[in-house]
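Reader: I would like a close look at a single part of this model, with enough of the surroundings to place it. Please take one strand as the centre and work outwards from there.

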Amino acid sequence: MRKQYRRNLGIITLFVLLVCFGAISAIAEPDYTTECGGCHTVSSSFSMSSNSTGNATVGEPFTLRINATKPVQGGTNFYLSVQNGWADNDYFNFTPAYILDNSAGDLTPANFLITHDFTFTPLSSGNLTIKAWCSSSAASQFIDIPILVVDVPDETPPTIDNPSDIEYAVSTVGHDITWTPFDENPSEFNIQANGVVIISGRWNGQPIVINVDYLSPGTYEYTLTVTDIGGNSVSDKVMVTVTGEIITTPTPTETTPITTPPENPPAPGDNLDAMETSTFSLVILSMGVIVGILSLLLILDRRRS
Ligand SMILES: [Ca+2]
Ligand SMILES: [Ca+2]
Ligand SMILES: [Ca+2]
């Protein structure tokens with residue numbers, strides 16, 4: 001009985017060991033499932049990137065460089081992998097691979113950073129997604145890379161309309177330029193003001209609007225350029241004229257006392273003239289007194305005689 005018990009215990013122990021070994025092997029195996037299959041926890045500290053242009057043509061191979069990084073701490077057996085069956089990977093002809101950090105195919109010798117060039121040949125057109133994945137024994141991450149695949153190279157430039165030039169009085173608002181360009185395969189746009197790019201970005205075929213309020217009086221040249229996936233571009237220019245003047249409120253300044261000069265300031269020599277006039281008056285007055293005294297004496301003398 002005791003012997004039977006030991007035999008059963010041994011069988012159970014062996015079974016448990018086999019299960020544990022299988023689990024550990026699965027965790028360490030990067031192509032164990034497609035897109036992990038839930039056996040690795042996605043970690044936000046892992047990151048992936050690519051040099052995708054987002055565009056491709058059916059039947060024309062292109063090379064996609066994919067990078068994967070993980071934090072130094074924790075986990076071993078860091079792999080980068082692209083496999084069939086993930087997202088739209090089956091719409092491309094490529095060689096599935098998993099690349100071990102610092103092993104054959106890893107273009108980056110640094111630890112915990114894997115770079116590999118995959119060559120894809122689109123098999124059909126459409127808005128497709130290539131999915132890549134990386135993992136260590138501890139965690140994983142993935143990247144979805146959108147690729148617009150067209151049947152033939154786009155050699156037709158976009159079209160663009162010709163919005164009216166704009167003139168407005170300074171300080172008035174509500175002045176926009178709206179362009180409505182078109183292309184079967186829109187890609188990018190940029191707007192220049194007087195030759196300087198002021199905004200750029202992805203163009204998905206939508207109208208492009210820019211507000212031109214709050215400009216100082218003057219004339220401005222706004223130019224929109226849109227580009228398609230084939231690199232064909234077209235531009236349109238709109239002139240914006242702002243009229244009037246900016247009314248500025250004078251700022252108070254420090255006042256300086258003003259001394260009002262006399263209306264007839266004395267000129268040099270004026271005092272001398274006054275003095276001469278007084279002397280002249282005194283002489284006349286003296287002469288008058290003398291004449292008066294002489295007349296009085298003459299009258300008295302006639303009365304005596
Ligand atoms: Ca490496
Ligand atoms: Ca085009
Ligand atoms: Ca124009």
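**A strand and its surroundings**

Author: Of the 305 residues in the protein chain, 17% count as buried. This is a predicted model, and the protein chain holds two helices and 17 strands. Its pLDDT averages 79, with 68% of the residues scoring at least 70. Among the contacts in the protein chain with a separation of 6 or more, 65% are made by residues 24 or more positions apart.

The strand chosen as the centre is β8, which covers residues 113-122 and has two unlike faces: Ile114, His116, Phe118, Phe120 and Pro122 make up the covered one, while Leu113, Thr115, Asp117, Thr119 and Thr121 make up the uncovered one. Such a division can be read against a general rule, since in a regular strand the side chains alternate between the two faces of the sheet.

Around this strand lies an open sheet of four strands, in the order β2-β4-β8-β6, and the pairing is antiparallel. Its edge strands are β2 (47-50) and β6, each of which pairs on one side only. On one side of β8 comes β4 (residues 62-69), joined to β8 by eight bridges, and the two run antiparallel; within this pairing, Thr69 has Leu113 of β8 as its bridge partner, a residue that belongs to the uncovered face of β8. On the other flank in the order of the sheet stands β6, with residues 92-93, which pairs with β8 in the antiparallel sense over two bridges. There the bridge partner of Asn93 is Thr121 in β8, and Thr121 is likewise listed on the uncovered face.

Moving outwards past β4, the next pairing is that of β2 with β4, which is antiparallel and rests on four bridges. One of the residues involved is Ser49, whose bridge partner in β4 is Asn67.

A second open sheet can be set beside this one for reference: five strands take the order β11-β17-β16-β13-β14, and here the pairing is mixed. Because β11 (166-169) and β14 (196-202) stand at the edges with a single partner strand each, one side of each is left without a neighbour in the sheet. Neighbouring strands of this five-stranded sheet are turned by 20° against each other on average, direction ignored. Inside it, β13 (residues 186-193) and β16 (residues 218-228) pair in the antiparallel sense over seven bridges, and Glu188 stands opposite Thr227 in β16.

Two residues help to describe the surroundings of that sheet. Ala169 is found in strand β11 and is exposed, because 10 other C-beta atoms lie within 10 Å; leaving aside neighbours within four places in sequence, Ala169 is in contact with Thr243 and Gly244. Ala169 also lies 8.5 Å from Thr241, C-alpha to C-alpha, although the two are 72 residues apart in sequence. Glu184 has its place in the loop between β12 (176-179) and β13, and this residue counts as exposed because it has 12 C-beta neighbours inside 10 Å. The C-alpha atoms of Glu184 and Asp228 are separated by 8.0 Å, with their positions 44 residues apart along the chain.

Finally, some stretches call for care in reading. Over residues 14-34 the pLDDT stays under 50, and the model has 19 contacts for them beyond four places in sequence. Residues 254-287 also have a pLDDT below 50, and this stretch has one contact in the model beyond near neighbours in sequence.

Definitions and conventions: Residues numbered from 1 in each chain as written. Chains lettered and ligands numbered in written order. Predicted model: local features only at pLDDT ≥ 70, side-chain atom pairs only at ≥ 80, totals over all residues. Buried ≥ 20, exposed ≤ 12 C-beta atoms within 10 Å, placed from the backbone. Pairing = 2+ DSSP bridges. Axes fitted to C-alpha atoms, helices over the stretch in contact; angles between N-to-C directions. Contact = placed C-beta atoms within 7 Å. pLDDT = per-residue confidence, 0-100.
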